Amino acid sequence: MRPYSQHMTPALDTAIASVLAALQEVEEPVERYEAFRLAEAKLIAEFRKGRAAIATELHDGRSWAQVGTLLKVTGSRAEQISRGTR
């Protein structure tokens, strides 16, 4: 298994900084708080979908136990991840 690509790190850092800067532009504190909360919820939902797709892809030709080993979780947890559950 290859480690996380170092070439993606600067792009990811730039994207995160851009999102944070956009959120910081909201002047009113309560509105800014709400913007952070909504952005967090969207990111969590999208990450959940992404992890589900990865787990499903890994399951092709493998048991859930094998997928779990690859993801460093139990087989049951790997299956849960594939369904997008918490």
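In this predicted model, Ser82 touches Ala52, Ala55, Thr56 and Trp64, leaving out residues up to four places away in sequence. Ser82 lies in helix α4 and, at 16% relative accessibility, counts as buried. It makes a handy way into the structure. In α4, Ser82 is joined in the buried set by Gly75, Ala78 and Ile81. These residues cover an arc of only 115 degrees around the axis, so they sit on the same side of α4. As for what they face, the buried residues of α4 pack against α2 and α3.

That packing leads on to the nonpolar core. The largest one has 6 residues in all: Ala55, Leu58, Trp64, Val67, Ala78 and Ile81. Three helices feed into this core, with α2 (29-59), α3 (64-71) and α4 (75-82) each supplying at least two of its residues. Such a grouping fits a broader pattern: in soluble globular proteins, nonpolar side chains tend to be buried together. Ala78 gives a good view of how the pieces meet. Setting aside its neighbours within four places in sequence, Ala78 is in contact with Ala55, Trp64 and Val67, and also with Gly68 and Val73.

Helix α2 deserves a paragraph of its own. With 31 residues at 1.5 Å a residue, α2 should span 45 Å, and that agrees with its end C-alpha atoms, which are 45 Å apart. The N-terminal end of α2 is capped by Glu28, which places a side-chain oxygen 3.0 Å from the backbone nitrogen of Val30. Past the other end of the helix, α2 is followed by Gly61, which has a positive phi near 85 degrees. The buried residues in α2 are Ala39, Ala52, Ala55 and Leu58. Two of these, Ala55 and Leu58, turn up in the nonpolar core as well, while Ala52 and Ala55 are among the residues that Ser82 touches.

Then there are the charged pairs. The model holds 3 salt bridges. As a general matter, side chains of opposite charge can pair when their charged atoms come close. One of the bridges joins the side chains of Arg37 and Glu34, at 2.6 Å from N to O. Arg37 and Glu34 are 3 residues apart in helix α2, and so are separated by about one helical turn. The geometry behind this is simple: an α-helix has 3.6 residues a turn, so residues three or four places apart point the same way. Arg37 counts as partly exposed because its relative accessibility is 38%, and Glu34 is partly exposed too, with a relative accessible area of 32%.

A similar arrangement appears further along α2. Glu46 and Lys49 meet through their side chains in a salt bridge of 3.3 Å, N to O, and this pair also lies 3 residues apart in the helix, about one turn. Here Glu46 is partly exposed at 46% relative accessible area, whereas Lys49, at 54% relative accessibility, counts as exposed. The remaining bridge links the side chains of Glu79 and Arg83, with an N to O distance of 3.6 Å. Glu79 is partly exposed, its relative accessible area being 32%, but Arg83 is exposed, at 53%. Close by in the sequence, α4 is followed by Gly84, which has a positive phi near 75 degrees.

Helix α3 and its surroundings add a few more details. Gln66 is found in this helix and, with 43% relative accessibility, counts as partly exposed. A polar atom of the Gln66 side chain lies 2.8 Å from the backbone nitrogen of Ser63. To give a sense of scale, the C-alpha atoms of Gln66 and Arg37 are separated by 36 Å, with their positions 29 residues apart along the chain counted as places apart. Beyond α3 comes Lys72, placed in the loop between α3 and α4. Lys72 is not a glycine, yet its phi is positive, at about 65 degrees. At 68% relative accessibility, Lys72 counts as exposed, since the cut-off for that label is over 50%.

Definitions and conventions: Residues are numbered from 1 along each chain as its sequence is written. This is a predicted model: local features need pLDDT of at least 70, side-chain atom pairs count only at pLDDT 80 or more; totals for chains, interfaces and linings use all residues. Side-chain values use heavy atoms; hydrogens and water are left out. A nonpolar core is a set of buried Ala, Val, Leu, Ile, Met, Phe, Trp, Tyr and Cys residues joined through side-chain atoms within 4.5 Å. Buried means under 20% relative accessible area, exposed over 50%, partly exposed in between (1.4 Å probe, protein chains only). Helices (H or I, at least four residues) and strands (E, at least two) are DSSP runs, numbered from the N terminus. Contact means heavy atoms within 4.5 Å. The expected span of a helix is 1.5 Å times one less than its number of residues. A polar contact is a pair of N or O atoms within 3.5 Å; within protein, one must be able to donate a hydrogen and the other to accept it, and residues adjacent in sequence count only if both atoms are side-chain atoms. A salt bridge is a side-chain nitrogen of Lys or Arg within 4 Å of a carboxyl oxygen of Asp or Glu. The arc is that of the directions from the helix axis to the C-beta atoms.
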